[in-house]
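Me: Please go through this structure with me. I will ask about pairing, packing and backbone geometry in turn.

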Amino acid sequence: MSDADALPKGYEPEPVEARWVRAWEEADVGQADASSSAKPFCMVTPPPNVTGSLHIGHALNVTIQDILARWKRMAGFDVLWLPGTDHAGIATQNVVERQLAKEGVHRKDLGREGFEKRVWEWKKEYGDRIISQMRLMGLTCDWGRERFTLDPGLSKAVRRVFVELYESGSIYRGEYLVNWCPRCETAISDLEVTHQETTGKMWKIRYPLLPVGAGAEGGDEPTYLTVETTRPETMLGDTALAAHPKDKRYRQLFGRTAVLPVIGRELPILADDFVDPEFGTGLVKVTPAHDPNDYEAGLRHDLERVKVIGKDGRMTNEAGPFAGLDRFECREKLLERLEEEGVLEGERPHGHAVGRCQRCDTIIEPLVSTQWFVRMEPLAKPALQAVEDGRIRFLPEHQVKVYREWLTNIRDWCISRQLWWGHRIPAWFCTQCNELTVAENEPDACSCGGVLEQESDVLDTWFSSALWPFSTLGWPDETEDLERYYPTDLLVTAYDILFFWVARMIFMGLRFQDEVPFPEVLLHGLVRDEHGDKMSKSKGNAVDPVEAVGQYGADALRFTLASMATPGTDMKLSIDRLAGYRTFCNKLWNAARFALMNLGDEECALQASADAADPKPVTLGDRWILSRTSAIVPQIEKALSSYRFDEMCHVLYHFIWHEFCDWYLEMSKIVLWGDDPDALRATRGTLMAVLEALLRALHPVMPFITEEIWSRLPGERDLVARAPWIACHDEWVDDSVEAQVKTLQGLVTEVRRLRAEFSIDPGKKVPLLLVCEDESRRSELADLVPYIGSLARAEPIEVVGPPATSFLHAARAAVVDVEVVVGLDDVLDIEGERLRIEKRLDGLKKELAQLSSRLENRGFLDKAPPEVVEQVRSRSDELEAETDRLRQHLAALSS
């Protein structure tokens, strides 16, 4: 292949990537074969929301999985990597409602059936957007097995699970205090509430104290009690006051009665140890209908629950004169009223965490509501035990502590949502006798003959997602896929959905399959900006992966993410890293282009391809690169097996850039451009063997460029995606050769450094002496002379023992037991260089004096930021080192 256009001069990712995405899918590269005799390896993707677009966190997650899928497939496994999307109840309903609002329509105008039809139309038009964007990344999922959480099969699984849990007593319906979103008009779980630190206010309110009855002991006693609250509007629902039983300030008041301002309701004063005596006045208002702690206290003391805030966020009739007002408008009006009545004692700033809806950012309202719940204790215990006894391993392991704490202190899971989009709860109420029927399929009629109406609520989205590892494989039917691929082999996900999803999959898998859904959970970190801040569109610091692919190519993005993917650790992503790995793609492309250009004509190129199967190295360079190639294979496999994608990328980058490109290709030019036919054939075969090996090794992380180069190699070939994984050739390993080349690299590096420091013209060859006492070592050094001459631009080169006849002016350096002596007389203007160095030394002296003055100034050291002081110290050290080097150079130039 002497044709210089075997590969174009520059690598252009866009046309290459589009072509190979189609080719891989047309070739069914990702298709699993349930009838295969190969060992199965199965992963399920965390299903992204159907409303979503690809964000950088998704890109990291699917990159990791695709690396593993491609590696395992090349290693001979039958790989099932199952993709899909989540119907995302609240998120999808919100998107479609906003679309309707632009048309001046509310979902209630359409009715439930009409609204559901509209959502399905939206899903058909927009729902595959994120899957299309994921495909841009070159993912080898089994697209023929793609699932959606509202698919008929998955819906069947959801109904089966609900009915079985209900019939076993694990699902129940009851009234309970829940997190309510007035905007979404639904209950949401604790995990769907985000808590934002807010500087608000704490108001002090006086509650009149009823006097003691006749006959009681008199004496000095307060006429009112002061309570502090951040939510004065909820006081309208107070049904008690409480203090800690051991709080001496209030001990004599337990059993007494206070009066609720404005409303006039009498409130018992209770003793309860849920009260923190150190907080505020030590006395708290108890509002069982609007606060989680107060709700529990209300159960303990049998208190009335007065609902003063409705599901629409407005005050109810129980709020008296404030009925109908928005809750925050009520707050302002109520405070005015309290001040008029002289019971508003004051206010103060107060920082506290405000719960907001994860989907719409509306402030959550704790409300008592009738909902469906899953009893968590019987499910949580086996899920915790599976991790404690090692059946499931978390990476990194410190996440076990977080998992344990959550499952140990878990509350029952509220699974009902007041939405229209989602899995409708399979429960029916008789309109005549109110009998409840729970069934997988709609019953005909009630036993009393009455008409049945289905529960209007839908299930929490995470209920169906919890079944994902086995519902996607066909359960509850006994399918071939379920038999072969469950349990799956690995779950890859971000640590921030450990509770939302991972824990729930574990307890559902154990409950319905009697097996853990996966033996390993790889919890990767989050992607942050280069400063470590959370990415967001509003901040303008988000990296759009689709745009990044368009600008830098999918391979550069994949390699960037993989190179920073330390398990459980957040990464700081910068555009510079993307640009750097785009350059790496070009480096590889140009290296491959050089190789193909130097294989000779078609016959020679085919011969090189055949020789690559069993290379016969002749030269030092060939033996060295084969030894290094064999050495990286176990390093890469160890990194992949331990999910250290960062280490894998480091090994590959260093090998390709620094060893293959910087050293081997330069060493090979001596033979490729020489006149020894036997050495030429051997080097061409070696070059092909190493190029093939590095393309296979790099393919899982950089699939596009490797597939493109692979397709341009001589001879008929299948896809590299289907090629066998690289083998470790122990017979290639040669420690003595590696030691020789290490010496070569040290010598060449020192000569190059001296050339640069003395500003020697790159076009000039420098005379060189290599001085060594050991005679046998001198023989080894003599073998390196051709390489040193070529790589360091040196001629003539002499290998001598001491004492050596030196040059009039010379630069010196030591490499282990070898003194490197570069003659300067014929390649340098000695006097001009001496003047240049002296001038630079004068400048350094002045700058060092200024820095020294600052570092000796106590005021500067005490008042300047530590990082500024450290910068000054570092700069001073750098200039001192430069001064020492230049003095040595000046000495070398002295006659």
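Reply: Two strands pair if DSSP finds at least two bridges between them. The model is predicted.

Me: Which residue stands opposite Trp203 in strand 13?
Reply: Strand 7 covers residues 193–208 and is joined to strand 13 in the antiparallel sense by 13 bridges. Across from Trp203, the residue in strand 13 is Glu347.

Me: Which strands stand at the edges of the open sheet, and why is one side of each left without a neighbour?
Reply: The sheet is open and antiparallel, with three strands in the order 8-7-13. Each edge strand has a single partner, so one side lacks a neighbour in the sheet. Ignoring direction, neighbouring strands here are turned by 20° against each other on average. The edge strands are strand 8 (224–229) and strand 13 (344–357).

Me: Which residue takes a positive phi in the hairpin of strand 10 and strand 11?
Reply: Strand 10 (residues 257–259) pairs with strand 11 in the antiparallel sense over three bridges, and Ala258 stands opposite Leu267. Strand 11 (residues 266–271) also runs parallel to strand 9 (residues 240–243), again through three bridges. Six residues lie between the two hairpin strands, and the one with a positive phi, near 70°, is Val262.

Me: Which helix gives the largest share of the largest nonpolar core?
Reply: That core has 159 residues, and those touching the most other members are Phe645, Met648, Phe660, Val701 and Ile788. The largest share is 15 residues, and they come from helix 20 (residues 645–672).

Me: How many residues are in the second, separate core?
Reply: Its members include Ala32, Leu384, Leu473 and Val502. The size of this second core is 67 residues.

Me: Where does the cis peptide bond that joins Trp475 to its neighbour lead?
Reply: Most peptide bonds are trans. The bond after Trp475 is cis, with omega about 15°. The residue on its other side lies in the loop between helix 12 (468–471) and helix 13 (480–485). That residue is Pro476.

Me: Is Ala88 buried or exposed?
Reply: Ala88 has a positive phi near 50° and lies in the loop between strand 3 (84–85) and helix 3 (89–102). Its relative accessible area is 3%, under the 20% cut-off. Therefore Ala88 is buried.

Me: Is Val816 buried or exposed?
Reply: Val816 also has a positive phi, near 55°, and sits in the loop between strand 28 (810–815) and strand 29 (818–823). Its relative accessible area is 81%, over the 50% cut-off, so Val816 is exposed.

Conventions: Residues numbered from 1 in each chain as written. Predicted model: local features only at pLDDT ≥ 70, side-chain atom pairs only at ≥ 80, totals over all residues. Heavy atoms only, no water. Helix = DSSP H or I, 4+ residues; strand = E, 2+ residues; numbered from the N terminus. Axes fitted to C-alpha atoms, helices over the stretch in contact; angles between N-to-C directions. Core = buried A, V, L, I, M, F, W, Y, C linked by side-chain atoms within 4.5 Å. Buried < 20%, exposed > 50% of the residue type's maximum accessible area, 1.4 Å probe, protein only.
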